[in-house]
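Visitor: Could you pick a single part of this structure and take me through it closely? I'd also like to hear how the rest of the chain fits around that part.

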Amino acid sequence: MPYGDGMQLVRAMRWVGYALFAMAGTLRILTGGNADPWPWLAAYAAFGIAFHFGATAAHDDRRRRVIALAAMIPAMLAMALIRPCPYGALTLVIVASQAALVLSTRVVAALVIVQTAVVATCLVTSLGAVIGMAETIALAGFQAFAVAAVAGAQREADARAALMQVHERTRIARDLHDVIGHDLTALALQLEVATHVGGDAAREQVAQARALSARLLEDVRAVVAATQRELPATLAAAIRAIVVDVPGLAIHIDAPESLRLDEPRRAHCVVSCVQEIITNARRHARGAANVWVCVRTEDAALVVEAHDDGSGGETARDGFGLRSMRSRLEELGGELDVRTAPAFAVTARLPLGAS
């Protein structure tokens, strides 16, 4: 799942980690002299494998990243103890950036302090106090920058994910309200009338209430199913998927098979509009047997035109569904025009650019 600029920065830091890792190995080979390189290279290889294992984990795979971190830290310390050198110590930055993805800020800060102190001791012993401390200060700064960048990116990614969940819950709540709100009100009225009449009149009201409850159940199931499936590859296929076996109406769809909307919000908006148009025709249009829906692009906008062969009706103009349809379109910069005479007709226009 995309999380925007935050996760792009995390991916960029991963490639920076690969670059630092390659630099450490290359400089070690070039400056190794006559010293036996194999113990250091063994620790270096173990570090690289662990880093790649963790860096390629999914965003929410915390367990894998923790396992990788647990292997990276001892490998990094082994490298520092076997051959203390500034370029090998660059692996500190890699460890710090990966730790920031899975550990709290306090734990990461403690880890940075401890590992920097251990490596600083090795550098001072090997390079002398002045050079060793200078290298340590530089490494501490690099680690602080890496931790701050990754932690900030992680917070942004988490915030985006949480916002997407809120938007999805809001959309589901609105869909449920739009689909069942009107029928629930009608059902309550039917039952209220049934309590005040008797005989055949009461039975008729109860029968109507049963029909309404069955339709409500059907509508709720449709909303739930819509939240559990992805839209088909093309917009035409998505629209046709919702008009299969609509009772009492023949639905005629005119839409280019190649038409796509890559932005999910816009695609769902268009499909929801068509669904609401058909729902209104089925419930409110007098004598309608056919609904024609035309979807096309025009002047950098997607246009949905629909009409039926019924006699219209003012009830549809003020319905919950049409108000919600208008709200969805306006949120994305679109507009809605509704006509109820001589027949029910709708024109929805949605810009194709970013909202």
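Guide: Let's settle one word before anything else: a residue is buried when its relative accessible area is under 20%, exposed when over 50%, and partly exposed in between, using a 1.4 Å probe and protein chains only. By that rule, 43% of the 355 residues in the chain are buried. Keep in mind that this is a predicted model, so local features need pLDDT of at least 70 and side-chain atom pairs count only at pLDDT 80 or more, while totals for chains, interfaces and linings use all residues. Numbering starts from 1 along each chain as its sequence is written, and side-chain values use heavy atoms, with hydrogens and water left out.

The chain has eleven helices and five strands; these are DSSP runs numbered from the N terminus, H or I of at least four residues for a helix and E of at least two for a strand. My pick is helix α3, residues 62–82. The expected span of a helix is 1.5 Å times one less than its number of residues, so the 21 residues of α3 should cover 30 Å, and the end C-alpha atoms are indeed 30 Å apart.

Now turn α3 around. Its buried residues are R65, A68, L69, M72, A75, M76, M79 and A80. Looking down the axis, those residues fall within an arc of 150 degrees, so they line one face of the helix (the arc is taken from the directions from the helix axis to the C-beta atoms). On the face turned away from that buried side you'll find the exposed residues R63, A70 and L81.

What covers the buried residues? The cover includes α2 (38–55), α4 (91–102) and α5 (105–127). For a side-on view, try V119: leaving aside its neighbours within four places in sequence, V119 is in contact (heavy atoms within 4.5 Å) with M76, A80, A89 and L92.

That leads to the nonpolar core, a set of buried Ala, Val, Leu, Ile, Met, Phe, Trp, Tyr and Cys residues joined through side-chain atoms within 4.5 Å. The largest one has 42 residues, and M72 and V119 are among those with the most contacts inside it, along with Y44, F47, F51, I94 and V95. The elements giving two or more residues to this core are α1 (5–30), α2, α3, α4, α5 and α6 (129–194). Helix α4 supplies the largest share, nine residues. A second, separate core has 38 residues, including A255, A267, L336 and A348. As background, nonpolar side chains tend to be buried together in soluble globular proteins.

Moving on from the helices, there's some sheet to look at too. Strand β1 (residues 250–254) has I251 and I253 on its covered face, with A250, H252 and D254 on the uncovered one. Strands pair if DSSP finds at least two bridges between them; β1 and β2 (residues 290–297) run parallel, joined by five bridges. Within that pairing, I251 stands opposite V291, and D254 has C294 as its bridge partner. C294 in turn is bridged to E305 in β3. The β2 and β3 (residues 301–308) pairing is antiparallel, over seven bridges. These two strands form a hairpin with three residues between them, and D299 in the turn has a positive phi of about 50 degrees.
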